[in-house]
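Here are some notes for a colleague who has not yet looked at this structure. They move from the whole chain to its sheet and then to the helices beside that sheet.

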Amino acid sequence: MSVAGFVVFCICIATCMAQNVTIQGTVTIVEYQSKILGFERGIQVYLPPNYDQADTTTLYPVIYFLHGFTGNHTSFAYLNEVVDSLITSGAMEPVIVIKPNGAILGTTIGSLWANSIVNGRFEDFLLKEVLPWTDSTYNTDRRREKRFLMGHSFGASASLRLTLQHLDTFGSIACHSGFVKMDEWLVQTYVNTSVFTENNGSAIAPVPGFNPAKIFTIFVFTASKAWSPDFTSPYNVTLPMRNDGSGIINPTVVDMWSRFSPHIVINGTFQGLKERGVGVLYMDIGRADELLLLQPNLDFAAELQSLNYPNPLFIYQGPHNDPTILRVRFNTSVSMWGDYLKTLNQPAQENPTEFPWVLVFAPIGGFIVLVCIVVLVIVVVVKRKWKVLCLDKDMASDDSVSDVEMYVQ
């Protein structure tokens, strides 16, 4: 990918963060003091129209959204507008949206939602603080079927991975333009090609601030902080390749990165996915994705199909992070979840189009049985009466007791 392409990518992210939307629900930002992280992280909360905190009998499903490599809890503001529009139009029941900040402290670079000795335990922050805080603060439906974990880019891959690993917690997934293959392919494609191009084939060092011209260098250090942190190594990370311009890959580190890759995680969790199931498993990818994620997503979808799981992948015309297209894609995945929620709210019932013939034939059958019983009784009674009459006639014609005894015998 060219530097110009990544500049466009970053501008799109800035547009996502800055866009203001008009909605009928309410959006607030809570500064949450995390004990797990040891510092504050913002959480953006969308509450649907007519939400009443005092009404504890009405419980709401929850969407949890994870941002990606850059951004924070205010990114993708139009997600709230998409949800609000679906609710106010009656297409979906009222839901709550929770968007936590997964950026590393003091930066706009994402933690990739992993537990790291360098960045902090952001996975635990989400699962052990954000979820319990949401359930204790708002009137939420805590069943897994009523939780939808969705994300974009690295937030998408985290959503997919975390749902597969925590099927008892989340019941539906949306993976928008996700990094589903974080292994040797990622290292070869990004690190050994783009990183050394950015650094003229020399050793690399952390980049201060956010420099689009060094975006792949920033990425490799960010990923290493998340997936292969090491306080005993330079820059507190173990890189996935030798840092001498040779491009020689470190397979041990590649294996460490792979533990966070959905295409590896699925191998150990597919049986659970098959047994527990999910209401919605949605994936999408742009045909013109500038981060080269089309083929990995196609491979992951094919892997699911090889395991006899339906193909969940939608392919659209567009790049990785176009706000206009993303709005449509969010509308698609959230609408699918809304339709799934409707099925959960419907009581079990007989097929209304099938005529209840049993109600017609059951009384008729009962009547026929009753008639048969009556006829049988009559036959038995008549037969006995006939025998008695015959016996009386024989006795009248012959007074021999022995003859009578022989007849009876």
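**Notes on the predicted model**

1. Of the 409 residues in the protein chain, 49% are buried. The model is a predicted one. Its protein chain has an accessible surface of about 19,500 Å², and carbon and sulfur atoms hold 58% of that area.

2. The protein chain contains 12 helices and 10 strands. Among contacts with a separation of 6 or more, 72% are between residues 24 or more positions apart.

3. An open sheet is built from eight strands, which follow the order 1-2-4-3-7-8-9-10 with mixed pairing. Its edges are strand 1 (26-33) and strand 10 (313-316), each of which pairs on one side only. Direction ignored, neighbouring strands of this sheet are turned by 20° against each other on average.

4. At the strand 10 edge, the partner is strand 9 (residues 280-286), and the two run in the parallel sense over four bridges. Within this pairing, M283 stands opposite L313 in strand 10.

5. Helix 9 (residues 294-306) packs on the sheet and touches strand 9 and strand 10. The direction of helix 9 makes about 150° with that of strand 9.

6. Helix 3 (residues 122-137) also packs on the sheet. The strands touched by helix 3 are strand 1, strand 2 (40-47), strand 3 (62-66), strand 4 (96-100) and strand 7 (147-152). Relative to strand 3, the direction of helix 3 makes an angle of about 155°.

Conventions: Residues are numbered from 1 along each chain as its sequence is written. This is a predicted model: local features need pLDDT of at least 70, side-chain atom pairs count only at pLDDT 80 or more; totals for chains, interfaces and linings use all residues. Side-chain values use heavy atoms; hydrogens and water are left out. Two strands pair if DSSP finds at least two bridges between them. Axes are lines fitted to C-alpha atoms, for helices over the stretch in contact, and angles run from 0 to 180 degrees between N-to-C directions. Contact means heavy atoms within 4.5 Å. Buried means under 20% relative accessible area, exposed over 50%, partly exposed in between (1.4 Å probe, protein chains only). Accessible areas come from the Shrake-Rupley method with a 1.4 Å probe; for residues, only the protein chains shown count as cover.
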